[in-house]
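Got your viewer open? Here is a short tour that tells you what to select at each stop and what you will find there.

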Amino acid sequence: MSLVELLARYDAVLRPAVVRFFPPRLAVALYSWARQFALRMLADSPPPMTLVPPPSLERRLWGIRFRAPLFNAAGMFKHGEGYTLAYRQGAGAYLAGTTTSEPRMGNIRRGIALPFVPYPRSGAASNWLGLPNPGHRAVAARIARLERYEAFPIGASVALDPGECSPDAIERLIEGLWLYHQARTDFFELNESCPNTGDDRVGMDALAERLHIIAERFVRPSRAPVLVKISADTEPEVVEQLVPLLIRLGYAGITIGNTSTHYARHRTAIAPAERRAYDYFVRTFGGGISGAPLCASVSEAVRTARRAAEAAGGEFHVIAVGGIASANDVRAALDAGATLAQWYTGYFDRFARDGHRVYERVWEHLCMQDPETSSG
Ligand SMILES: Cc1cc2nc3c(=O)[nH]c(=O)nc-3n(C[C@H](O)[C@H](O)[C@H](O)COP(=O)(O)O)c2cc1C
């Protein structure tokens with residue numbers, strides 16, 4: 001067992017007690033620091049051997065081969081690190097970013113940088129990182145230097161600089177997309193803070209206009225697959241409107257979804273022993289909730305998106321993300337109509353148990369459950 005696997009295993013034993021008994025501020029300070037430390041250590045110590053997913057799990061989207069249907073969600077490898085790690089662990093693809101045009105330090109409040117706290121008993125976490133990243137240019141340059149592997153595509157997640165949606169900001173985003181394209185990125189994910197409710201006409205119109213410009217200036221001329229990632233809180237009516245629009249504009253798919261801010265609703269899914277830390281985090285930082293509490297709304301939105309895509313026709317894929325932590329969860333996402341799935345919170349929970357065999361265990365169970373239809 002490697003050092004990073006050993007530390008993750010010990011942490012998994014201690015973590016429930018830390019989150020339950022430590023003063024909430026201390027637990028948040030500790031895990032905000034430990035998350036960054038652990039990620040850096042993990043990315044720098046890939047397993048010595050490559051675990052290859054069973055060939056039956058391979059699927060082809062937009063003419064690109066993905067060797068398996070599950071890979072990291074955006075935000076895990078914000079600097080374009082962890083590529084060898086993901087490949088050797090047996091992930092289906094690798095997703096870098098999210099990056100913005102300007103480098104960002106991320107959020108600091110009450111002396112805590114990049115606030116994050118896990119809720120291990122609940123399979124959930126809160127974060128208020130504020131999109132820290134070194135910018136499109138730096139990560140695209142890193143991607144350009146990566147060794148390529150067969151059926152292991154590289155994706156880039158990009159966003160507008162937060163709080164900006166002026167024509168200039170859109171221009172800088174498009175420049176970033178072209179930098180990644182020149183770096184031979186295989187697919188793109190546009191991280192959109194889109195309106196969550198159908199009542200937000202102004203938000204919906206602004207989003208449609210933005211998507212239109214990006215389609216004209218990048219999606220159509222590059223012919224690259226571009227997905228749009230939306231919040232897990234997006235209501236089904238918005239998904240129903242958005243999918244036909246994306247198809248008309250030439251987008252390749254939709255990723256559902258980003259973290260949730262439905263604090264009161266998700267509080268019931270947080271174990272009583274972890275509610276003190278949860279309440280502190282929400283009160284102090286707000287932030288986004290990830291993990292198991294997102295499962296139900298993501299499944300519903302994936303179903304809605306699939307139905308809307310079928311009605312419109314064409315090759316349009318749905319990627320499910322939110323609360324995926326096992327082969328059963330991947331199977332449920334695929335059954336709901338997703339073609340691929342991503343994970344973040346669940347990956348770290350599983351890594352504590354399975355170490356570098358984190359994907360291998362999922363593939364084993366996925367093939368056992370469904371040996372005939374696991375190919376796609
Ligand atoms: C610490 C942290 C950082 C994240 N950063 C990003 C990001 O930069 N871009 C993005 O699109 N999503 C980001 N996310 C959201 C995840 O990609 C994912 O959509 C969300 O966590 C739900 O998946 P999960 O339940 O598997 O964690 C982040 C999530 C976490 C927990």
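Let's begin in a loop: select Arg-223, which sits between α6 (201-222) and β11 (226-231). Keep in mind as you look around that this is a predicted model. The phi angle of Arg-223 is near 60°, a positive value in a residue other than glycine. Is Arg-223 buried or exposed? Arg-223 is exposed, because just 12 other C-beta atoms lie within 10 Å.

Now jump to another loop residue, Trp-62, between β1 (59-61) and β2 (64-66). Trp-62 also has a positive phi without being a glycine, here near 50°. With 18 other C-beta atoms within 10 Å, Trp-62 counts as partly exposed.

**Into a strand**

Next, pick Leu-190 in strand β10 (residues 187-191). Leu-190 has 25 C-beta neighbours inside 10 Å, so it counts as buried. Which residues should you show around it? Setting aside neighbours within four places in sequence, the contacts of Leu-190 are Val-158, Ile-214, Val-226, Leu-227, Val-228 and Lys-229. For a sense of scale, draw a C-alpha to C-alpha distance from Leu-190 to Arg-40: the two are 25 Å apart in space and 150 residues apart in sequence.

**Two cis peptide bonds**

Zoom in on the backbone at Gly-97 and Thr-98, which are joined by a cis peptide bond with omega about 20°. Thr-98 belongs to strand β4 (residues 94-99). Then move to Ile-256 and Gly-257, where you will find another cis peptide bond, this time with omega about 0°. Gly-257 is part of strand β12 (residues 253-258).

**The nonpolar core**

Stay with Ile-256 for a moment, since it leads to the next stop: Ile-256 is one of the contacts of Ala-320. Leaving aside neighbours within four places in sequence, Ala-320 also touches Val-298, Val-302, Ala-333, Ala-336, Ala-338 and Ala-341. Ala-320 is among the residues with the most contacts inside the largest nonpolar core, along with Tyr-94 and Ala-341. That core has 110 residues, and α10 gives the most to it, with seven. In soluble globular proteins, nonpolar side chains tend to be buried together.

**A pair of helices**

Since α10 has come up, select α10 (residues 295-312) together with α7 (residues 236-249). How do these helices pack? Their axes are 9 Å apart and meet at an angle of about 40°, and α7 passes α10 in a right-handed crossing. On the α7 side, show Pro-236, Val-239, Glu-240, Val-243, Pro-244 and Ile-247. On the α10 side, show Glu-300, Ala-301, Thr-304, Ala-305, Ala-308, Ala-309 and Ala-312. Colour this contact by class and you get 10 nonpolar residues, one polar and two charged.

**Around the ligand**

Last stop: the ligand. How many residues are around the ligand, and which come nearest? There are 26, and Ala-73, Gly-75, Ser-290, Tyr-344 and Thr-345 come nearest. If you show secondary structure, the elements that give two or more residues to this shell are β8 (124-127), β13 (288-291) and α12 (345-354). Colour the shell by class too: 11 residues are nonpolar, 13 are polar and two are charged.

How values were computed. Residues are numbered from 1 along each chain as its sequence is written. This is a predicted model: local features need pLDDT of at least 70, side-chain atom pairs count only at pLDDT 80 or more; totals for chains, interfaces and linings use all residues. Axes are lines fitted to C-alpha atoms, for helices over the stretch in contact, and angles run from 0 to 180 degrees between N-to-C directions. Helices (H or I, at least four residues) and strands (E, at least two) are DSSP runs, numbered from the N terminus. A crossing is left-handed if the near helix is turned anticlockwise from the far one by less than a right angle, and right-handed if clockwise. Two residues are in contact if their C-beta atoms, placed from the backbone, lie within 7 Å. Ala, Val, Leu, Ile, Met, Phe, Trp, Tyr, Cys and Pro count as nonpolar, Asp, Glu, Lys and Arg as charged, and the others, Gly among them, as polar. A residue is near a molecule or strand if its C-beta atom, placed from the backbone, lies within 6 Å of it. A nonpolar core is a set of buried Ala, Val, Leu, Ile, Met, Phe, Trp, Tyr and Cys residues joined through C-beta atoms within 7 Å. A residue is buried if 20 or more other C-beta atoms lie within 10 Å of its own, exposed if 12 or fewer, and partly exposed in between; C-beta atoms are placed from the backbone.
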